[in-house]
Structures are given as C-alpha cells and as structure tokens.
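Let's work through a few exercises on charged side-chain pairs. Have your viewer ready and try each task before reading its solution.

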Amino acid sequence: MYGMLLESVQHFVQLEYGEFVWRQALLTTGCKNTVFNTHQLYPDNLIPDLAAALSAITGKPFDEFMIFFGRCFVRFFSNFGYDELIKATGRYFCDFLHSVDNIHLQMRFTYRKMKSPSMQLTEVDENGAVLVYRSTRTGFSKYLRGQLLEIAKQLYGMDVSIKVLESQNDTPGGTSGPIAPQGGLKTVIVKYRLDFDNREYMQRRVHIKAHPSQLQLTPVNSKLLLNLFPFAIILNEEMKITAVGEKLIESWMLNNVNRSPTELLGAKVTDHFKLRRPSGITFTWENIKRLQTVLFEIQLLKGSSAKGTKDESKIVDTKTSLSQVDTSSSTEDAAKIMTSIPRRGSQGLRSILLKGEMRYIKDINSLVFLCSPLINNLEELREMGLYLNDLNPHGLSREMVFSGFSHYSRLDLMCEREEQRAEELETSLALADSWKRQGDELLYSMIPRSIAERLREGQNPHETCQSFEEVTVLFAEVQETITGDDSIKYAMTTVNTLNAAFSAFDELIHSPMAYKVETVGKVYMAVSGAPDINPFHAQHMADLALDMLHSIRQLNLPGVGVKIGFHSGPIVAGIVGLKVPRYCLFGDTVNTASRMESSGETDCIQVSGYTAQKLKKLGYVLAYRGKVAVKGKGDMETFWLQGPPQKKK
C-alpha cells in the first residue's frame, strides 16, 4: 500500500489519541518508520497491525479502528484535492458508487503500483443500493465501510447504514487472500447493502423508457454503427460475437495470420478476448448487463485458440438505431467484408487493449461494447500495427495520440526523475532512521531515557536535578591477584578482564529495577530507585549483587574476584556537564555505599545495618559481621549478604 494511507492514520491517531498512544502502537507492531512518504510502498499488513495494536492499548474493538482508519483516509485525501474528483463524478451518492472503479482507473496514472479493489453496484432502488466488493486482500472490508460512511457524510451530506449480505474468503485481520487449489489467491467477495435516501436519484434518471418519438425512428444499418465505432463488438445472450468493427477484425487478422477471419463471428468472446477490468468478475451475460456504467478494459489475445463456429446460420448482422434494429442483412455480406481486408505482417505486434462501456440494447437483446484502443503515443500506435486513420472518427482519440506524442517523452522523463528522487528520499529516510536509532542508543547509554526525553522536549538541563527520599546505591570493584613484570602485558590483561566482568554486569541491569550510573577504573556503580522511582529498590539491588557474584564465578577468570557493597538512603541526582554529559548521584548515601565496598572482602557482599534490616524482613540470608570504621560516620554495624530468601517448606 502507498504511504498516503498510513499518513492519514498517523495524523488522526495523533490528533484524537495523542502522540504517546501512536508511539506505543508503532512499538507494538515493530514498525520502525516514524514518517511515511506519500508515494512510497509499505507492507499491506501495517494497517490491520496498527488497528490491532490500538485495540489492545485502548480496549476498543479491532473493527472499530478499521472503520476509523477508513474515515481518516477520506478526511485526509481532501488535502490532495481528491474530494473534488469524487464530487465531479455526479450529483448523487449513487453516481459516485457507479464510478468507483473508474476513479481507481484514473488514479493508476499517479499511483502506478496501486492494487485497487473492484466495486460494482448490482441493485439500485429508492432506499439504497447493493454494492459488491472484490479484492485480493483480506481484512479491509471494514476499512472500505469507513470510507463509504465518511464520503456519504462529508461530500454528500447524508447518513448511510451498511450491512454485509454475503462474505467470501474475508479473513479478519488478514492481508492476503487464502490460496486457491489451482494456485494463486482466492478473491475476497463481500456484498453490502447500503441503505440511504436514493429517491431523488431514481426520480431524475432518464431514458428508463423509450420516448414515443424514438419508436418512430427508422432502422439504421449496423454498418453505420460499426463505422462510427470501428473497434466495437456486439454480443448475444450466449456471449457469442455477432458483429465486429472493421478495424478490430483487421487487428485480429494481424495477430492470427494463418486463420480465416470468419472464425471470429459466432465464437465465444472469451476465446479471443480477455477481460482485464473490472477485475474479479467473470465474463457472463448477467455480470456485464448490470455494469453498464463501468469502464471495461478488454485485451485482444494474440494467437488465440478460438473455437469459432463455421455455422453461418448462427451469425447475425445487426442493424441498430436508438430504439430499433433491422436484421435483414445476410451473413454472406459480412463474411465478404471480412475476407476482403488486406493482411499485414504481425511480427512483434503489441496486443491491443480496448477501453469503453458495455451498453445493452433491449430491442435486439444484445450487448454493444463501444470502445477505443488504449494508445498513449505514436510509437504504441505503430507497435499495434495501427494508423491514425484507424481510430474512431469521432471523439478525441486521434488528438489524444498526437498530444501523447508531444508530451509523452517529457512526462516520461519527469516521472523517471521523480521516481529517482523518491528512491533517494526513501534511502535518506532509512539512513536517518538508522542514525536516529544509533544516536538514541548512544544517548541512553549516557543519560536515562526518561531524562533524555525531557531534554528533547526543551527542558533546561539544570531542571533535571531531582531529590529522591530513598534509593539503594551499589559499588562493585573487580579484584585481581595476578601481577607481572611486563606492565604493558599486565595492562592489556586488566582491560580484557574488566571488559569481560563489566559486560557480564551490564547484562544483569534491567530498567527500571536498576540503572548503571558509571564505571571508574575497576569500580562499577549502579542504583535502584532512581531515575525511576522504585519502592522495591533494596530487594532489587540485593538480587543484582547476588547475580554479579554468581556471574564472576561463572566467568572462571584465574585470580579474579569482586568486592560488592551497597547502602540505602536519600540522594540528589542530575545531569552534569555539556560535553559527554553524565547522570550523577550526590549525597552521603553514595559515600556510605562506597565505604561498604572498599571495607569489604573479595567475593563477599557487605551491606549497611539499615539496609540489612530491610532485607531481613524480606527473608534474605544475612550474617552479622560486626562494627566497621567508616570515614566521617564512625563505627557502623554491617552484615554479609549470603543468599536470597529461603523458600518456606
């Protein structure tokens, strides 16, 4: 899907639910994009994944968010002027419903890789209409529902109620249809009943019945119709070709050089032509008959294996007028016309794509495909084996080819440049996201995340200073008993030892239970209870100290141990410095915790008497050491922490 859909979701979720909820949704879905590019393609699953994430965060139903996303898109695309395109389709909401496929067809020039669904009205009455939705993506039927509700409300000022009549292969929350037994994806088909006031549209419909003056018109020979539309096709109720325009016959002959052109008449239309659009429907009488306002695209098959019939008694030469048709011409005349057309070489010809409307003529019970070949410029005209004189004598077919010849090269160059710029922008955005993540990781390694986010919001660094009533501060010093004469070799060994020990300690730090403050020389400093307030700080620090002691033993480094000490009390913390800023702790608690470590013993954990009393209440195993002289504090009672709480039998 294109980024514009996700832009609409981001804008209105941030507007209605706030930036925090949007970031939580991105985090939940694992989406690494913070900005979406309008013309960039993104995975189809992002929309349902975001809906599921927001449902989990807010507690609202998943379907409600999918409908909300559909409404968001309609509100958002007004910024691009697409609301005017919808209004221009007709005066009534029913006109828009008839033209949805045609709008998608035009949008393909702007969004070339758009996988648009197909939508057709099958029933229309004064109380609403029945809409059939077809797509290869599942889970978006509720999204479409939101779009229809918002378009009706905003652009046509009416309330619409929508209910599902039938549904096939539509998996909730999915993005791709189930696999068909013969390969490929099954088509998702959902039939909606739209209830709205449609009386004015029904009253103003014209040509529902033939005017008496039309009934008095004399029959017109079919040759006139086929001269006006040299690529037209007339089909009977069995979907067999009863008449074809002269230029289309010639094109068929160019692609079937070894076959008789009479094989085309009386053959099934699907033997020689492929229905390209509307997608997802079969080429049947009933389907085509009820889609007379939809633009069709039909492709002439090259080297088609038509099973044409030579029973010329079944071939009908049609003569038509606005209301009457005279079928007096013989099939022999039609065959003579077809065989008299000169043939040209067919090497490397491009297949012709016809675009137009299917019109039902009641008097002869036939469908007439009034169409023109889709040609952008003179080069395509040559590749199809056609000439300007072959195109429809009316309308703007020839002028459009000339215009395409004049502007195609320039537009193509501009499109290529824009696509290149879009790719460069996409690469730049990916690099920016990567650099931002790396910068965030570096920043969070120096400053706590909560403090960093406050600084990003513009808060003065001096205002980040906080006082905490009680935290637990830990110091751990790596001890080495092995020394050597080679000072350089000894220094390298020390660096490797400290790296192994401190890396093991870092893996034990889990925010918000503990925060690594800094390392100075061989000393590792951590705190629990700051910067995130934690009422279980003493318990979490005791667990960390025991894990540190265990990890050093697990490393099994010869002659290496660790002295650990911690103490609980009040502190003041804040950011210090402008270059390489650090989050620092201040207060008597820090000094006392440092003394607990320095006066301890290798592979032992010493805690103050105050902290020990807290741990005893939690069941930790402690042993009384005695009184220890602490600088500035005198003698203090200390304890050895020997193990975690014992399980009660």
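**Exercise 1.** Find the partner with which arginine 625 forms a salt bridge, and place both residues in the fold.

*Solution.* Start with the criterion: a salt bridge is a side-chain nitrogen of Lys or Arg within 4 Å of a carboxyl oxygen of Asp or Glu. The partner of arginine 625 is glutamate 601, with the closest N and O atoms 4.0 Å apart. Next, locate them: arginine 625 sits in strand β17 (residues 621–630) and glutamate 601 in the loop between α20 (588–598) and β16 (604–608), so the bridge ties together parts 24 residues apart in sequence. Helices (H or I, at least four residues) and strands (E, at least two) are DSSP runs, numbered from the N terminus.

A note on the ground rules: this is a predicted model, where local features need pLDDT of at least 70 and side-chain atom pairs count only at pLDDT 80 or more, while totals for chains, interfaces and linings use all residues. Residues are numbered from 1 along each chain as its sequence is written, and side-chain values use heavy atoms, leaving out hydrogens and water.

**Exercise 2.** Classify arginine 625 and glutamate 601 by accessibility.

*Solution.* Buried means under 20% relative accessible area, exposed over 50%, and partly exposed in between (1.4 Å probe, protein chains only). Arginine 625, at 30%, is partly exposed; glutamate 601, at 40%, is partly exposed too.

**Exercise 3.** Repeat this for aspartate 44 and arginine 137, which form a salt bridge.

*Solution.* Their closest N and O atoms are 3.2 Å apart. Aspartate 44 is buried at 14%, and arginine 137 is buried at 15%.
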